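Here is a two-chain model to walk through together. Have a look at the sequence and the fold, then read on.

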Amino acid sequence: MDTFLFIVCAIVAVGCAVNLVLQKHPISSALSLIGVMGSLAVLYLLLGAEFIAMAQMIVYGGAVMVLFIFVIMLLNAGTEKTSAKSWFAQIAGFPLLSAFVALLAFLIKVVLPPLHPVEFGSWVGGTAEAIGMLLFTKYLLPFEVTSVLILIAIVGAVVLAQKEID
Amino acid sequence: MNFFIVSLIKIAIVFAVFMTTLAYLQWVERKVLAHIQSRTGPLRVGPHGLLQPLADVFKLLTKEDLLPPYVNRFFYLLAPFLAVSLALVSISIIPFGPEVNFFGTRTFMQISDVRVGILFVLALSAVSVYGIALAGWSSNNKYSLLGGLRSSAQMISYELPLTLAVVSPLLLANHLSFREIATSQAGYYLGFIPRWNIFQMPFPQIFGFIIFMIAGFAETNRLPFDLPEAENELVAGFHTEYSSMKFACFFMAEYANMVTITCVATLLFLGGWHPLFPAPYSNWVPSAIALLAAIVFLLQLRDPARKRDRFTFPVFALAALVAAALFAIPFLQTYLVPLFWFCAKAGLLLFTYIWVRGTLPRFRYDQLMHFAWTFLFPCALLNLLATAFCVAVF
C-alpha cells in the first residue's frame with residue numbers, strides 16, 4: 001500500500017513538474033506547481049513527517065501559491081509566446097542533460113556512503129512534539145535567526161510598498 | 001477486518017447525515033431569515049415547506065447546464081468540483097462523541113483521528129480558496145474575476161487571525177488532535193462550571209472564540225463579509241456564469257464549510273460533546289427539551305394559525321414525544337446524549353450564522369481589509385500572548 005502510494009505520488013509530482021515547464025499559460029503552470037506541492041506533502045506523510053506535510057500544504061500549497069495565482073489574475077497575464085529556440089539548445093540540450101543526470105547518478109553511487117532503502121513507517125521523529133522539541137533546544141539559534149530574517153524582509157516590503165509622503 | 005466494516009458503517013452514517021444537514025440547513029436558513037424579516041418563508045412544498053430542499057435538488061438537477069463559449073473550459077469545470085470536494089473532506093476527522101461500545105467493538109464516534117487534525121483542517125481551508133479563485137478567473141467575466149480576486153485576498157487576510165485564535169486552545173490542550181482537545185475539556189470547576197476552553201479558569205478563551213467566529217464568517221464568505229458575491233456590485237460574484245449543478249456545488253461547498261467551521265469551534269472552545277451540566281442532570285436535558293417541544297405543539301393546536309396546522313402539529317408533537325422517550329432510555333443515552341450536546345452547540349453556532357446574516361449589513365471592501373489587519377489581527381495576537389503567559393505561569 002505504501003509503495004503503491006509512493007509510486008502514484010512520485011509519478012504525479014514528476015508529471016506536474018514537467019507540465020509546469022511545458023504549459024504556456026501562467027495559471028496552468030501555477031496549478032501544476034500546486035500539484036507538485038500536494039504530492040510532495042503526501043510523500044512527506046508517507047515518510048512519517050506529518051507536521052512537515054501539513055505545513056507544506058498550509059504554507060506552500062495555500063498561502064504562497066494563492067499569492068502567485070492572485071498576482072497572475074490581477075495582472076490578467078495571457079498565454080506566453082514560446083521564444084525562438086537557440087540552435088545551441090536544440091543541438092546540445094538533450095546530450096548535455098543526459099550527461100548531467102549520469103554524472104549525478106555516478107556521484108551518488110560512488111562518492112556518498114552506501115544508502116539504505118527507506119522503510120515506510122519506521123521513523124517516528126516527525127510528530128509536532130518532536131519537531132517543537134528540536135526547534136526550541138538544538139536548533140534554537142537558526143530558528144531565531146530565521147525569524148529575524150523574515151522580520152527584516154517584512155520591514156523591507158513595507159518600506160518598498162510605502163507611498164511617497166510629502 | 002472488523003475495523004474496515006466499522007469504518008464503512010461510520011462513513012455511511014456520517015455521509016448520509018451530513019448531506020441531509022446540508023440540504024436542510026438551507027431550509028432552516030430561509031425559514032429563519034423569513035421570520036427575522038416578518039415573512040413566512042417556504043410554505044407550499046410539504047408541511048411548512050419541509051420538502052423544499054428536495055424540490056430544489058430536482059430543480060437544480062433538471063435545469064439546463066449552460067457552458068458559455070468564452071470560458072476557459074478546463075478550469076471552468078474544475079473549479080466547482082474542487083470547491084465541493086475540498087469542503088466535504090474535513091467532516092471526516094471531526095469527533096462527534098466519546099468512545100462507545102458498538103455491539104462488542106469499542107470505537108470512537110469519528111471516522112478517523114488524525115494526530116495533526118487541526119492542521120489538516122487549516123490546510124484544507126487554505127487550499128479551498130482555489131475553487132473560488134479559479135471560478136472567478138476562468139469565467140472570463142469582469143464581475144467573476146473581481147469576485148475571485150476579492151475572495152482570495154479576503155481569505156488570505158482572515159486566515160491569520162483565525163490561525164492565531166486556534167493556537168490558544170492548542171496551548172491549553174497541548175495536543176493537535178481533535179479527540180485529545182475535546183477530551184482535555186472534560187470535568188467541572190467547583191462541580192458545576194464546565195471546563196470548556198471558553199470558561200478556562202485563569203484566562204477564559206472568550207476573546208479567542210469571538211475572533212475565531214468573526215474570522216470564520218470571512219473564511220466561509222458569509223454576510224457581513226460576503227464581498228466575493230456582493231450582488232449589488234458584482235451581480236453574483238465568482239459564480240455569475242455558473243448554472244444548475246455547477247452552481248449547486250458552490251452552494252453546497254459554502255454550507256459544508258459553515259458546518260465544518262462550527263464543528264471546529266465547538267471542539268476547540270465549547271468542549272465538544274461534553275455537557276453543560278454534570279452527567280446526572282445533563283442526561284435528562286434532551287428528554288426535557290423534547291417534552292417541552294411536544295407541549296408547545298399541543299398548546300399551539302388549540303388556536304392554529306393555519307388550517308393545515310391541525311394535521312401537522314399533532315404529528316410534530318408525536319415525533320417530539322418519541323424523541324423524548326428515546327433519550328430517556330438509559331441504554332441509548334450513552335450514544336445519544338453526547339451527540340445531542342455536540343449537535344446542540346454546533347446548531348446554536350449555525351443559527352448565529354443565519355441570525356447575523358439577517359441582522360448585519362455588508363462591509364465595504366476597504367473596511368473589511370482594514371478591520372482584519374488593524375483590529376482583528378492585533379487582538380488575536382494579544383489574546384495568544386495572554387494565553388501563553390497564563391499557560392506558562394499557572
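Let's start inside chain B. What covers the buried residues of helix 13 of chain B? The cover includes helix 12 (285-300) and helix 14 (330-359) of chain B. A word on terms: helices (H or I, at least four residues) and strands (E, at least two) are DSSP runs, numbered from the N terminus. "Buried" says that 20 or more other C-beta atoms lie within 10 Å of a residue's own, "exposed" that 12 or fewer do, and "partly exposed" is in between, with C-beta atoms placed from the backbone.

Before going further, keep in mind that this is a predicted model: local features need pLDDT of at least 70, side-chain atom pairs count only at pLDDT 80 or more, and totals for chains, interfaces and linings use all residues. Residues are numbered from 1 along each chain as its sequence is written, while chains are lettered from A and ligands numbered from 1 in the order in which they are written.

**Helix 13 of chain B**

The buried residues here are Phe313(B), Ala320(B) and Phe327(B). Viewed down the axis of helix 13 of chain B, they fall within an arc of 50 degrees, so they line one face of the helix; the arc is that of the directions from the helix axis to the C-beta atoms. A handy rule: an α-helix has 3.6 residues a turn, so residues three or four places apart point the same way. On the face turned away from the buried side of helix 13 of chain B you'll find the exposed residues Phe311(B), Val315(B) and Val322(B).

How about its length? Helix 13 (residues 309-328) of chain B has 20 residues and should span 28 Å at 1.5 Å a residue, and its end C-alpha atoms are 28 Å apart, which agrees. The expected span is 1.5 Å times one less than the number of residues.

**Glu159(B)**

Is Glu159(B) buried or exposed? Glu159(B) counts as buried because it has 22 C-beta neighbours inside 10 Å. You'll find Glu159(B) in helix 6 (residues 142-173) of chain B. Its C-alpha atom is separated by 8.6 Å from that of Leu122(B), 37 residues away along the chain.

**The two chains**

| Chain | Helices and strands | C-alpha span along principal axes | Buried residues |
|---|---|---|---|
| A | six helices, zero strands | about 60 × 50 × 30 Å | 17% of 166 residues |
| B | 15 helices, four strands | about 65 × 65 × 50 Å | 42% of 394 residues |

From the N terminus on, chain A runs α-α-α-α-α-α. The radius of gyration of chain A is 21 Å, well over the 15 Å from the globule rule for 166 residues, so chain A is more spread out than a compact globule. For chain B the value is 22 Å, which agrees with the radius near 21 Å of a compact globule of 394 residues. This radius is taken over C-alpha atoms, and the globule rule is 2.2 Å times the number of residues to the power 0.38.

Chain A is assigned domain 1 (1-77) and domain 2 (127-166), with bounds from an automatic or database domain assignment. The C-alpha centres of these two domains lie 24 Å apart.

**Where the chains touch**

The contact takes 16 residues from chain A and 19 residues from chain B; two residues are in contact if their C-beta atoms, placed from the backbone, lie within 7 Å. Helix 3 (residues 50-75) of chain A gives the most to chain A's side, with 13 residues.
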